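Thanks for coming. I will go through one structure this morning, beginning with a single residue and then turning to the sheet.

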Amino acid sequence: MSNNHDQFESLKEVKNLYDQGINLTGFLPISLPKAEQPFLLSPFELINQLTDTTGGDPSLLRYPVPQVIANDELAWISDKEFARQVLAGLNPLTVQSLKVFPPTSALDPATYGPQRSAITASQLEPQLEGLNLQQALDQDKLFIVDYRDLYLLYLTKINAQSGAKAYASRTIFFLTAEGILRPVAIELTLPPSDSTAASSLSRVFTPPLSGSKDWLWELAKVHVATNDSGYHQLISHWLTTHAVIEPFVIATHRQLSALHPLNVFLLPHFKNTMAINSSARKLLINAGGIIENTFVTGGYSMEITSVAYRESWRFDQQGLPGDLISRGIAVVDSTAKYGLRLLIADYPFAVDGLDIWDATEKCVRDYVNIYYRDDAAVLADPELQLWWSEVINVGHADKKAEQWWPQASTKSDLVSILTTIIWIASAHHAAVNFGQYAYGGYMPNHPTITRRLIPEEGSKEHDELLRDPEKFLLSTVNGRLQATIVLSTIELLSKHATEEEYLGHRISNWTDNKAAVAAIGALSERLSHIEQLISGRNSDANLKNRSGPAGVPYTLLFPSSKPGLTGAGIPNSISI
């Protein structure tokens, strides 16, 4: 992992990345060990080729101001914005309803320490608006983002790397009367092998109730954000979109003939995916590549992704309704819209996403009804059955015995399968990809690496923190070189190409079946209506999670977009 060689001294220096730009001529000759020089060359070669340096000296790299600081440079550090991004940021897929307190671990306590969380009821109850802990649980008011077990499996190895010091985190949130989340406790854990008398296994941090600034709490949030960065990039983004869609792409080309109606229907949702994944394997996720050198997971990044796939990936939970139910965020309710009641009513990703899911599912159902008269016709289609068999038995062979796979034996099965595939390739990917620059483009808001543990009160490091909190915080996260490489990469990944094809739109003459064309046309009309709904929600002052303190409206599931860095638009496929 690349060491930090050029630390930011202040938030003003970070802001200069956008106000002044970076002179690559003066920036690149930073002294690095020879072993790290190949890493330095490849991302900056990418930057020189793909980043816009127009308007002057071509060696001057200019960045647009990220949305998260465009309206208010300091809103990102507020607890309200920290919590809002759990619901409407670049990784809105990990928050779960907390049903049982205290949270517990599934890991072996002999190796990984106590399974029972160190967070106590007495730490939470002063923040629960007059409720006791059991009342908060009973009223579905407590939520959790829990990265503890996945990170703890690798934390000893992660922290043995040069320039990396991290914790495994749990964060508990309370749903307030005004409908927003409030962070009420952060638990940061080290494995027994890393802890000492001066650094206990688990430390619990709570926000200052007086409104004063507590820099230990702020550092705890930084470590949570860094855990989130790794989980987002490796799992929410790479694993559950780019990686898992490949078996579907391959099986479609192998088993469905060119004129098969499902081939024609699915191919736009696979456009450019294999090519972009190939590029990622050469530069982003490869050994010694950008991810390994700029994320705290370092050389264990792909191994962690594989473990997450083995332990938790299920096809039946990749569609939005299944995902929300599995996280306890939604419950089945026949009286609610789409038959699901959200426990957090103002959850922008889920609210907009369910509209998109429903519109897509209706289109899929219309299309399936054109070509399959009844369930028997689905079973009687040999290409379809071979396609689905290959997906399960070859593409996802290590999970082929799982009982949760749908059987592709009915029209209903087929509609669910196709809608899930399209959701993964379109809206799911859009939700976790095109907000990367808006939020991660300002490194302190979403750092990808931590290099220092949180100091113990009374230590020399704690004195250092109190003397200059801003400088200490910045010494904990990405240095200038790492930040610039991440910034350049995610700016590229967050852009739409000029030839982008968006959900609900197809190239002309894709089929001569008028009913099929009408099905896509109806989807396009539904999505246009959903755009109006989203715009209305973003303008509703009562929906406080739609923009929050930073003033960033939730547009990641706005169906259409223009080329460039827009923070909106749902492409048909994973094409970047």
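His232 has a relative accessibility of 1%, so it counts as buried; buried means under 20% relative accessible area, exposed over 50%, and partly exposed in between, with a 1.4 Å probe and protein chains only. This is a predicted model, where local features need pLDDT of at least 70, side-chain atom pairs count only at pLDDT 80 or more, and totals for chains, interfaces and linings use all residues. Residues are numbered from 1 along each chain as its sequence is written, and side-chain values use heavy atoms, leaving out hydrogens and water.

What does the side chain of His232 reach at 2.7 Å? That is the backbone oxygen of Val432. The backbone oxygen of Leu90 lies 3.4 Å from a polar atom of the same side chain. Beyond its neighbours within four places in sequence, His232 is in contact (heavy atoms within 4.5 Å) with residues including Asn91, Trp238 and Gln436.

His232 sits in helix 11, residues 215-255, which lies across strand 5, strand 6 and strand 7 and runs at about 80° to strand 6. Helices (H or I, at least four residues) and strands (E, at least two) are DSSP runs, numbered from the N terminus. Axes are lines fitted to C-alpha atoms, for helices over the stretch in contact, and angles run from 0 to 180 degrees between N-to-C directions.

Now the sheet. It is open, with five antiparallel strands in the order 3-4-5-6-7; strands pair if DSSP finds at least two bridges between them. Strand 3 (96-97) and strand 7 (202-205) are at the edges with a single partner strand each, so one side of each has no neighbour in the sheet.

Terms used
A polar contact is a pair of N or O atoms within 3.5 Å; within protein, one must be able to donate a hydrogen and the other to accept it, and residues adjacent in sequence count only if both atoms are side-chain atoms.
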